[in-house]
Amino acid sequence: MARSRWYKDMVFYQIWPRSFKDGNGDGMGDLWGVLEKLDYIQSLGCDGIWFSPIYPSPGADCGYDIADYMDIDPQFGGMEAFQKVLEGCHQRGMKLVMDLVVNHTSDEHEWFQKSRQRIDPYTDYYIWRPAREDGKLPNNWDSNFEGKAWTFDEVRGEYYLHLFAVKQPDLNMDNPLVREEVKKILRFWLDMGVDGFREDVITYISKKEGLPDDHLFPIYKGMPCYNHGPHIHEYLAEFKRDVFDHYDCFTLAEAPLVWPKRALKYIDEEQGQLDMMIQFQCQCADCLFTDYLPTKFSLHRMKHAFSSWQKKLWGKAWNMLYLENHDHPRIISRYGSEQYWKQSGKTLAAAMLFQQGTPFIYQGQEIGMLNWQPESADMYEDVQTRYNYAHSNLSKPEDVRLKKMWRSSRDSARTPVQWDDSENAGFTTGTPWFYVNRNYREINVAQQESDPDSILHFYRKAIHLRKELPVVRHGQYREHFFLNGKVYCYSRKMVGEKLLVICSFTEKGTKAKFPAGFDKSTAQCILHNYPDFDSTTLRPYECRVYLWEE
Ligand code: NOJ
């Protein structure tokens, strides 16, 4: 089927369902709540939704541990509510994308229950190994979440591999029967009308033969043996050939530790097996590989990440643009400034939204939600946070450890969306399943709807502009003043139309500089975040977008 690549003109909104909006008053976000808010999402200019998992799940990893791939969790409203949301999206001309989590299942999935009892055909659905002769674990790999990657199962009398939580056993993708199951799942949802998939840690699904010890990586031991593994491209090509090629859908691959050159092997438009990639380089301007190893924010690193993906994918593949999702703390608290909350929220939006690619906005990002800062570590829910808190920085005082978690934890960005200043931020009429950020009276959707100068309205304007101006889709990207440690400046250029984006990332203000050839007298400033501006200075976190014709 010829690909229309409709995703290139779109802006997506990511829903992390538990915390988006509760529609039935039980304290948990659900699809009834989503239904109420479809018009709101559309009003932002977003025309697609990516749902983090909404399948039945025990919730050990907030839904990324799936117990049944072909149903919707009753706590989210079940299939009935889902059908309504799907219809509601399509009626509005919006697309709906599901999360495909097939590196692992929940240990409560029927396949695992049968596999541990060696009931065929499920016996080899997972990666089982006996202990080594000396009684040691089958290899030295770490899980990404909870200590070692192997747990002993009493029923089967063997260890199973789990690259994430103990309750998330890895599937054995080398087994053709497992790949057939994946195809069944894909067809099930595509036949129902869903428009594509975000594929969870899909680059992990093929493990190196023999599962050897890893002597290379100091942390996340084992990663070189399963990230971009030996059969990855073969399996992805099989899914494409047998399923995706028969539908007008798109695929978005989550890929830890990937740089553009490697990414092109997956998403090159001529030869790749997937359409877009969630890369982590753009998330590493203030940490080393993971949020749990924070460093000072480096504008250079952020600029380098943006520019390198823009330049290297140009003409070959399509970028997925994002600043936030459910796996990282809030971006203003990281790359921006809580003191210059409004200005930096807007500057970050401008920095991302005029690049080439398909932007994804995470719930609450559009109102500049900030990191949640619990008073005590036992308030954390997330499995990864809990493990990290219990096992790292043990010699440091409690308050220091807690503050580190505010900066690192995924829960910092998982609190309920702040809809208004009523009790529980308008998220639920019941008791919320999770804590609401204390700042909801100052930061909420209702307040920002009524303030034309809000971050929310800035997102709307920016999204509107990017849809209106062909240069945002087609223009060539160029970064200017890349040595400057205070300003991110880039232009987009196509025949007849040029765009210049200037974003200051400093609390002190700095000199305004314009690239050679830029003529202020003919350019029109089409978006900015201060009521007025001059040609010599940029105020704290000031941003401007200029357009001119040539
Ligand atoms: C990546 C997902 O985004 C994250 O939330 C999840 O915990 C892991 N994969 C495991 O599925």
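## A tour from strand S13 to helix H8

Start by selecting Tyr-322 and Phe-360: Phe-360, in strand S13, is the bridge partner of Tyr-322. Keep in mind as you go that this is a predicted model.

Now show strand S12, residues 320–322, beside S13; the two pair in the parallel sense over three bridges. Next, add strand S1, which also pairs with S13 in the parallel sense, again over three bridges. To find your place in that pairing, pick Tyr-13, which stands opposite Ile-361 of S13.

Stay with S13 and color residues 358–362. Five of the five residues in this strand are buried. Thr-358, Phe-360 and Tyr-362 point one way, while Pro-359 and Ile-361 point the other way.

From S1, follow the chain toward helix H1 (31–43) and stop in the loop between them, where you will find Gly-27. Is Gly-27 buried or exposed? Its relative accessible area is 1%, so Gly-27 is buried. Select its surroundings: leaving aside residues up to four places away in sequence, Gly-27 touches Asp-22, Phe-427, Thr-428, Thr-431, Pro-432 and Trp-433. Try a distance label on Pro-432: its C-alpha atom is 4.1 Å from that of Gly-27, although the two residues are 405 residues apart along the chain.

Last stop: display helices H7 (260–267) and H8 (299–313), whose axes are 10 Å apart and meet at an angle of about 45°. The two helices are therefore oblique to each other, and H7 passes H8 in a right-handed crossing. Show side chains for Pro-260, Ala-263, Leu-264 and Ile-267 in H7, which meet Ser-308, Trp-309, Lys-312 and Leu-313 in H8. Of these contact residues, six are nonpolar, one is polar and one is charged.

Definitions and conventions:
Residues numbered from 1 in each chain as written. Predicted model: local features only at pLDDT ≥ 70, side-chain atom pairs only at ≥ 80, totals over all residues. Heavy atoms only, no water. Axes fitted to C-alpha atoms, helices over the stretch in contact; angles between N-to-C directions. Helix = DSSP H or I, 4+ residues; strand = E, 2+ residues; numbered from the N terminus. Parallel < 35°, antiparallel > 145°, perpendicular 65-115°, else oblique. Left-handed = near helix turned anticlockwise from the far one by under 90°. Contact = heavy atoms within 4.5 Å. Nonpolar A, V, L, I, M, F, W, Y, C, P; charged D, E, K, R; others polar. Buried < 20%, exposed > 50% of the residue type's maximum accessible area, 1.4 Å probe, protein only. Pairing = 2+ DSSP bridges.
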